[in-house]
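I am opening my notebook on a structure I have not looked at before. I will write down what I look up, one entry at a time.

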Amino acid sequence: MAGGAVVNTGGGKDYPGKLTMFVLFACIVAATGGLIFGYDIGISGGVTSMNPFLIKFFPGVYRQEQEAERNQSNQYCKFDSQLLTIFTSSLYLAALVASFFAATVTRRVLLGIGVGFANQSVPVYLSEMAPARLRGMLNIGFQQMITLGILCANLINYGTAKIKGGWGWRVSLALAAVPAAIIAVGSLFLPDTPNSLIDRGYTDEAKRMLRRVRGTDDVEEEYGDLVAASDESKLVAHPWRNILQRRYRPQLVFAVAIPFFQQLTGINVIMFYAPVLFKTLGFADDASLMSAVITGLVNVFATSVSIVTVDRLGRRKLFLQGGAQMLACQIVVGALIGAKFGFTGVADIPKSYATFVVLFICAYVAGFAWSWGPLGWLVPSEIFPLEIRSAGQSITVSVNMLCTFIIAQAFLPMLCRLKFMLFFFFGAWVLVMTLFVAFFLPETKNVPIEEMVLVWRSHWYWSRFIRDEDVHVGAGVEMHSNGKIQAAKLNV
Ligand code: BGC
């Protein structure tokens with residue numbers, strides 16, 4: 001066997017190969033699957049703050065808003081309408097249902113060439129394609145595209161709101177076809193991942209593909225590990241039942257906890273309702289759409305920070321730093337709004353004061369954008385072994401969509417009832433999730449997906465769920481004569 005794996009400083013082994021143009025291009029094209037998700041996230045908030053749209057579909061909300069303006073009454077409640085929130089949140093219910101179908105389809109024929117089911121297939125595709133030491137960077141391309149989609153939507157809303165005649169919202173909604181077309185066309189050119197080819201029995205093609213994506217002929221070892229992982233996964237007839245087995249407990253917990261916590265950061269309050277929120281703070285129509293553009297820009301730039309740091313600093317450091325920053329900002333924003341609006345929601349907020357609030361909201365968005373945003377998709381996609389990968393990813397997507405739906409649905413009534421305390425509510429969750437990461441999430445940077453079991457095996461808590469015989473012994477994993485894994489090889 002030529003060459004072979006070396007243990008790198010970050011932990012785990014490092015297969016030979018480099019970042020080829022081929023893999024970079026494939027990953028960029030696949031990541032465009034995030035554009036459509038982002039566009040949909042960003043477009044609804046702006047549309048629901050446009051008066052012509054409200055008059056046409058939600059005349060009751062429009063009247064309520066006008067009345068609140070005239071009478072200087074409770075600002076917290078002027079957008080509270082179940083119907084209005086259903087407009088925003090229905091999309092996520094649809095996505096939830098779709099992700100269940102996607103799990104079956106991606107397992108059989110499309111593993112790695114996601115077309116319509118972007119969130120199911122793109123993160124997994126990226127993590128399978130990437131060399132382990134660059135997996136974080138390439139995977140976060142997906143989140144970067146989400147943020148670009150959101151920013152485009154914010155900019156488009158800003159422009160279409162100015163269209164005379166009040167039909168701008170139609171343009172905003174119709175333009176969702178553009179990102180859909182991009183990924184539909186792009187996916188026609190996407191190559192299959194080596195994992196997917198092996199799994200479907202195309203072993204020669206798989207080896208050729210692996211050589212091409214790694215840019216070297218020295219792929220025997222990685223190929224061997226992929227085949228071993230595929231063989232093992234073939235023994236599993238029921239991935240859905242399988243993921244409930246004790247040895248997959250860590251993966252199951254994270255498949256649920258990561259997307260749950262990601263949504264409980266409260267980020268989508270900003271993403272969906274930024275213009276509505278800024279209007280509540282007393283900004284004019286135009287200024288609130290502009291503020292949404294500003295948070296959108298911060299989101300894009302801060303995400304790129306994680307692209308360059310995630311494989312060096314690791315996942316844990318970003319989670320912990322981002323969590324602390326979000327928590328601090330939530331406390332400040334809640335306190336600033338509380339100090340002016342109090343519980344009555346009646347106040348005239350000076351421009352400078354409102355600008356100050358927006359500043360802290362931006363710092364909060366930045367904290368999210370280099371932690372829970374990208375890692376919320378990266379970490380699940382790199383911890384599932386092949387035999388439970390599609391089921392695990394499907395759980396992650398469904399929980400994400402369900403929680404997105406619930407938050408979108410609950411935010412306006414919650415703002416009306418909890419008032420400025422709503423920011424403390426989300427802050428408390430951020431505290432919980434940051435502690436959860438500190439205690440329970442092992443570092444996964446640089447560890448090949450097929451070797452991830454070693455990370456659980458050497459974790460202070462999760463090790464109790466993994467028996468020695470559960471550890472797949474791939475080409476590079478050494479066993480001592482007493483059967484103990486040489487966990488010291490991993491820096492975890
Ligand atoms: C989340 C979305 C969120 C977006 C913001 C994504 O990772 O899943 O819910 O709106 O980040 O950038």
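**Entry 1, the ligand.** I began with Gln262, where a polar side-chain atom sits 2.9 Å from an oxygen atom of the ligand. I keep in mind that this is a predicted model. Next I looked up Trp377. An N or O atom in the Trp377 side chain is 3.0 Å from an oxygen atom of the ligand. Gly373 uses its backbone instead: an N or O atom there lies 3.3 Å from a ligand oxygen atom. I then checked the cover. On its own the ligand has 310 Å² of accessible area, and the protein covers 100% of this.

**Entry 2, the shell.** Which residues come nearest to the ligand? I found 14 residues around the ligand, and Gln143, Gln262, Gln263, Asn268 and Asn299 come nearest. I also asked which helices supply them. At least two shell residues each come from α2 (33-48), α7 (135-160), α14 (249-264), α15 and α19 (372-383). The helix that gives the most is α7, with three residues.

**Entry 3, helix α15.** I followed α15 further, since it is one of the helices in that shell. Helix α15 covers residues 267-280 and has a kink of about 85° at Tyr273. The proline Pro275 follows shortly after the kink. Is α15 enclosed or open? I counted 14 of its 14 residues as buried, so α15 is largely enclosed by the rest of the structure. Just after α15 I noted Gly282, which takes a positive phi of about 100°.

**Entry 4, a nonpolar patch.** I turned to the surface. There I found a nonpolar patch of about 510 Å², made by Ile331, Phe343, Leu418, Met421, Phe424 and Phe425. Helix α21 (residues 421-440) gives the most to this patch, with three residues. I picked out Phe343 for a closer look. Phe343 is placed in the loop between α17 (315-341) and α18 (351-369). Why can Phe343 be called exposed? Its relative accessible area is 53%, and the cut-off for exposed is over 50%.

**Entry 5, Val332.** My last stop was Val332, which is in helix α17. I noted Val332 as partly exposed, because its relative accessible area is 28% and that class lies between 20% and 50%. I also looked up how far Val332 is from Phe423. The two are 91 residues apart in sequence. In space, their C-alpha atoms are 9.0 Å apart.

Terms used:
Residues are numbered from 1 along each chain as its sequence is written. This is a predicted model: local features need pLDDT of at least 70, side-chain atom pairs count only at pLDDT 80 or more; totals for chains, interfaces and linings use all residues. Side-chain values use heavy atoms; hydrogens and water are left out. Patches are made of residues with over 30% relative accessible area and no salt bridge: like charges are joined within 9 Å, nonpolar side chains (Val, Leu, Ile, Met, Phe, Trp, Tyr) within 5 Å. Accessible areas come from the Shrake-Rupley method with a 1.4 Å probe; for residues, only the protein chains shown count as cover. A salt bridge is a side-chain nitrogen of Lys or Arg within 4 Å of a carboxyl oxygen of Asp or Glu. Helices (H or I, at least four residues) and strands (E, at least two) are DSSP runs, numbered from the N terminus. Buried means under 20% relative accessible area, exposed over 50%, partly exposed in between (1.4 Å probe, protein chains only). The bend at a residue is the angle between axes fitted to the seven residues ending there and the seven starting there. A residue is near a molecule or strand if one of its heavy atoms lies within 4 Å of it. A polar contact is a pair of N or O atoms within 3.5 Å; within protein, one must be able to donate a hydrogen and the other to accept it, and residues adjacent in sequence count only if both atoms are side-chain atoms.
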